[in-house]
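Here's a quick briefing to read with the model open beside you. We'll start with the whole chain and then stop at a few spots worth a click.

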Amino acid sequence: MSAKAISEQTGKEFLYKYICTSAAVQNRFRYASVTAETDWERLTQEHPWLLTERLVVKPDQLIKRRGKLGLVGINLDLQGVREWFKARLMKETTVGKATGVLKNFLIEPFEEEFYVCIYATREGDHVLFHHEGGVDVGDVDAKAQRLLVAVDEKLSEEQVTEKLLLHIPDEKKEVLASFIVGLFNLYEDLYFTYLEINPIVVTKDGVYVLDMAAKIDATADYICKAKWGDVEFPPPFGREAYPEEAYIADLDAKSGASLKLTLLNPRGRIWTMVAGGGASVVYSDTICDLGGVDELANYGEYSGAPSEQQTYDYAKTILSLMTREKHTQGKVLIIGGSIANFTNVAATFKGIVRAIKDYQGPLKEHEVTIFVRRGGPNYQEGLRVMGEVGKTTGIPIHVFGTETHMTAIVGMALGHRPIPNQPPMDAHTANFLLNASNSAMTPATTRTASFSEPRTSSDVDPAKKSKAGLPAAKPTTLFRKQTKVIVWGMQTRAVQGMMDFDYVCSRDEPSVAAMVYPFTGDHKQKFYWGHKEILLPVYKNMADAMKKHPAVNSLIKLCFQIHTIAIIAEGIPEAQTRKIIKKADEKGVTIIGPATPGCFKIGNTGGMLDNILASKLYRPGSVAYVSRSGGMSNELNNIVSRTTDGVYEGVAIGGDRYPGSTFMDHVLRYQDTPDVKMIIVLGEVGRNLQGIREGRITKPVCAGVLEPVQFGHAGACANQASETAVAKNQALRDAGAYVPKSFDELGDVVKTVYDELVANGTIIPAQEVPPPTVPMDYSWARPASFMTSICDERGQELIYAGMPITEVFKEEMGLGGVLGLLWFQRRLPRYACQFIEMCLMVTADHGPAVSGAHNTIVCTRAGKDLISCLTSGLLTIGDRFGGALDAAAKQFSKAFDSGMLPMEFVNKMKKDGKLIMGIGHRVKSINNPDMRVQILKDFVKQHFTSTQVLDYALDVEKITTSKKPNLILNVDGFIGVAFVDLLRTCGGFTRDEADEFVEIGALNGIFVLGRSMGFIGHYLDQKRLKQGLYRHPWDDISYVLPEHMSM
C-alpha cells in the first residue's frame, strides 16, 4: 500500500517546517517525547515549559481515537502526567483486536480545541472542520462541516470561511481560514493522503497543533525526498518491528523486483512464500477462511522477476524465522502463486531450492511440510527441481502446477482436503514447431466470432435498458480486432508477445503500429509475425508516431490523444494518478491498468504463449471478468478455460487505491455487450451490489470481496479475517450474485453458473478449431541472413517498397518517384519527384576537366571495361569533388537550427579555419551566375512549401560574395540545402528521419547517380572516338627534384 502512516512527531515536524500561512503557528517543536528510559530531570531542563503549563499526554504509536480508549491525559500538571504514566508506560494494552505495549508518548501544552481533517478520495480531497474538537468530538463524519476540493483545484480562504467556519467567533475566522488553507497546501505539496488534527487550538498568540494523525504517499519519495528526508514508518500498534522486515525492505529498495515481508505471528505454524501481490492477498484470505487466521505467521510477496540471488535471500529469511521455535503440530510452508506473466519460474525456484538445502536440518527438526503450486514460463522445470530437492533432502514437499486450483494447497496444508498421490499433468494444447509450409499467410480464423466484434442486429439480443436515475454504461467496446496501438518504451519482449497473440487470434496484421522511445533516433526494430520477420517503426517522439499512424486509437503507457490507455507502470503517486484520471475524463479517454487480455493483448498480459493457448485466449468465450490484480488475471483465465467455453474479455484494473477505471465501469460495459453471458468480479464490488439490486446488472455475476490483511494491495484495506468482506459477500448473495465461500471454491461456482446457462440455451458452445502453429522460442527459428524493406521479387510481379511495378507505371511516377520508393520508402509528392529528376539532370556532367571525368577518360583510354572506368571516376567523389551535398546540408542546417546568424556562421568557420562546403566556384561568380543553380532556385521557390535552410544559405552567400565574387552558393551546396528543406517540409518524414537521411549520405547519392550518367557518357565517347592510351605531356609537369648530394 502506498499510503503509509507516520508518527505524530514526524507529521508535526513536517508541518512546523514547511507550512506557509499568515497565521502564527505556535508550539513549534513544543513537545516532549517520553519512553521508559526518559530522565525526567533532564527532560524538564530541556523543556522548562513542562513545569509551568497545563499539559496533555498521549501515546505516539499509530493509535487512532486515543481519547475514546482512555489513552489521553488532559489538563494535567507535570506531577499529574507522571502519575498518569505509572499506570500505562510499558503496560500491555488491547486496541481493537491488536494487543501491544505502550512505549512511546508525547507531552504537549493544553488549550481550547477545534477539529480539522483532510483526506483523499478518487474525486478530490475532503476538508472536515468541527468547532468542538478534543477527546469528545464524537462522530465527526456526521457532525463536521465538509468541503470537497476537486482534483487539481485550489482551496481559498473565502471557501473555508463560508463553508467550514460557520460556528466560529468572528475574531478567530481569519486566523483559522489562513491556517486551513496553508495546511491544505502543505497536504498537497508533501503528498499527504490523510492529515487529521484533533485538537487544534487558537489563542491570541496564534494556532497550536496538539494531536495529529497522518499518512503520506510513500511512492512520492522521489519527489519529496529533499523535504521528507529519511522517513521512518513505524509498525501499527500491537505489531513489533522486526529486523528481518527491515532487511527485506532494504533488498526491495535495491531491486527492480518487489520483495515484501510482514511478520504477523512469529510463533505461528502457517508460513507463506507467495509470488505476486494479488496472489498474496488471495492466499492470506483463503488461510483465514479455512480457520488458520490465528496461526498465520507472515504476509508478503516476491514478484517482478527477482533474480536467483534475491529469491535465495528472501527464502532464507523466511526459513530462518520459521525454524526458531518448534510447534507441537509441526509447521507448513506454502510456496504459492498465480500463473506468471514473464517471471522465469525455474530461475526463481533455484534460489528457493538453495535456501531449502541450506536449512534442510532445521526444516526436518521442526517437522516442516512444504506445499508448492505455481505456473508460468518454464514452470514444469521449476516444479521438477522442487520435487527433486524434496526427495534428496527427505523434506516432504508436495508439488502442483496449473492443473491444480491455485489455493487448493491451502486446504491440503490445513488438512481440509486430501493430498493427491499423483497430480495430473497438463497437456499442451498447441504445436509450437515451425510451420511446415513456411507460409507467411495469416491463418484462418479459429472460431465463428471474434472478441468484441459487433454482430448484425439479427444476431444480437438487445441489452436491458437502464432505469431512470442509474448511471449510464460507458461504450461497450474498448478494443476491436482492427485496433491499432502505439507502445511507449523499448518493450520488445512485450511487443513480440502481443504479435504472437495477434497471430494466433487470426488477426490480418499486428496490433502494434509503432513504438515510441525518446532516447534514440527514429529507426526500425525487428519482430516476428508468425514465422516471418517484419520491421516495426520506432519513433523518438509521440507526435511523429501519431502523425504517421492516424489509425492508432490506443497507447500502452500514457498519452491523451487517443481513446484507451493502459498504464502498466507501478509506484505512481496517488495525487498524480488522480490528475491523470481527471484529464482522461475530460477528454473521454478510458484508462486501464495494469493489464487486459482479450482479442487485444496488452504487453505481457496473459503470460507466455503456452499459457495463452492453454487458457484458449486465442478465441472468444462467453465469460468476461474484472479483477484488481494483473497477476491474478492469468489465474482467472485458467479457471474460466477449465470450467466454461473461455474468456470473452478480461480486465485487471490495477491494485492502486485509485485505478484509472473502476469495477463498475467494466461491469456496465459487459452488461451492455451482447456476447458476454456471465460476469466474474474479483475485488471490492460495492457499487456492483447497487447495480444488481436496482436492476442495472441483469446478467449472472460471480463475485467475491477479498479484503484480508491491511498490508496487501492498496485496494484491500480491512482487518484480519475481514468481517467487512464477510458482510459484503453476504450482501452480494442476498442481491442475487453467485458468491463462493472462498477463492478456493470460485471455479466450482463459475462452472455451476455456466452449466445452467448452457442448459437453458443462453450459451451455445462453439466448435473448437486448433490454433495455428507459432514458434515457442524464436531462437528455434533461424533468422534471415539478409533483411530488405525496399523490394520484393518473389511474387507475380516486382514490388518497390510495397508498390507493384505495374502501379508504378500506371501512376507515371517517373525516375524521381522510383527513387523515392527505393531510397526513402515513401511515395513523394509530384514536385519532389520532379526536383529529384532536375537534380540528376543538372549534376549529370560538368565537362572532361573535372577529376571524376578525367579519371574515367584515362581509365577508358587504358583499355579498361565500363565498370572499371565508371568506378575509377566515382572513387574521386568526396568533400573536394562532388561530395559537398551532404557536407553543405549538415553545415548549413546545423547553423540554422542552432539559431546562429549568417554573419556569426561565416565568422565562426573562418575562425576555425574551415571551408564552408557548397560555397565557391572556379569559374562561376556573382557576375557570371551558374544557370543550373538559377533553374533549380526558380523551381524550388515556386513549388516548395518552405525554404528556411535555403534562405539561410542565400544570406550566407550575400556575405561571402561581398568578400569575393566567386564565393557563390554552388550547385552542390544548393542541392544540399534545398534537399534538407524538401525532407523536412514535404510531409513524408519526421524531423529525425529527415536528419537521418542527411547523416547517412543520401544526398551524395543524388550526385553519384547523376554524375554516373556523365561518366558513362565519357566512356562511350572515348570508345567511339577510338582514343589511344593516354600519357600526360612532359611539358605540363613541373619536375621538382632535390639537388644531387654526394657523401
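There are 35 helices and 33 strands in this chain, and keep in mind that the model is a predicted one. Out of 1047 residues, 54% count as buried.

**The chain as a whole**
- Take the contacts with a separation of 6 or more: 72% of them come from residues 24 or more positions apart.
- The chain's accessible surface adds up to about 47700 Å², and carbon and sulfur atoms hold 53% of that area.

**Strand 15**
- Strand 15 runs over residues 270–275, and six of its six residues are buried.
- In a regular strand, side chains point alternately to one face of the sheet and the other.
- In strand 15, one side carries Ile270, Thr272 and Val274, while Trp271, Met273 and Ala275 sit on the other. Both of these faces are covered.
- Its partner here is strand 17 (residues 331–337), and the two pair in the parallel sense over six bridges.
- To find the pairing on screen, look for Ala275, which stands opposite Gly337 of strand 17.

**Ser280 and its surroundings**
- Ser280 belongs to helix 9, which covers residues 277–289.
- Is Ser280 buried or exposed? With a relative accessible area of 2%, Ser280 falls under the 20% cut-off, so it counts as buried.
- Leaving out residues up to four places away in sequence, Ser280 touches Val274, Tyr299, Gly300 and Glu301.
- Val274 in that list is also one of the buried residues of strand 15.
- With Tyr299 there's a side-chain link too: a polar contact of 3.0 Å joins the side chains of Ser280 and Tyr299.

**Ala246 on helix 8**
- Helix 8 spans residues 243–253, and Ala246 lies in it.
- Ala246 has 49% relative accessibility, which is not over the 50% needed for exposed, so it counts as partly exposed.
- Ala246 and Thr262 are 16 residues apart along the chain, and their C-alpha atoms are separated by 9.6 Å.

**A nonpolar surface patch**
- Which residues make up the nonpolar patch on the surface? They are Trp1034, Ile1037, Tyr1039 and Leu1041, and together they have about 520 Å² of accessible area.
- Ile1037 is found in the segment after helix 35 (1002–1024).
- Ile1037 is partly exposed because its relative accessible area of 34% lies between the 20% and 50% cut-offs.

Technical notes. Residues numbered from 1 in each chain as written. Predicted model: local features only at pLDDT ≥ 70, side-chain atom pairs only at ≥ 80, totals over all residues. Heavy atoms only, no water. Helix = DSSP H or I, 4+ residues; strand = E, 2+ residues; numbered from the N terminus. Buried < 20%, exposed > 50% of the residue type's maximum accessible area, 1.4 Å probe, protein only. Polar contact = N/O pair within 3.5 Å; in protein donor to acceptor, adjacent residues only side chain to side chain. Contact = heavy atoms within 4.5 Å. Pairing = 2+ DSSP bridges. Areas by Shrake-Rupley, 256 points an atom, 1.4 Å probe, with all protein chains shown as cover. Patch = residues over 30% accessible without salt bridge, like charges linked within 9 Å, V, L, I, M, F, W, Y side chains within 5 Å. Salt bridge = Lys/Arg side-chain N within 4 Å of Asp/Glu carboxyl O.
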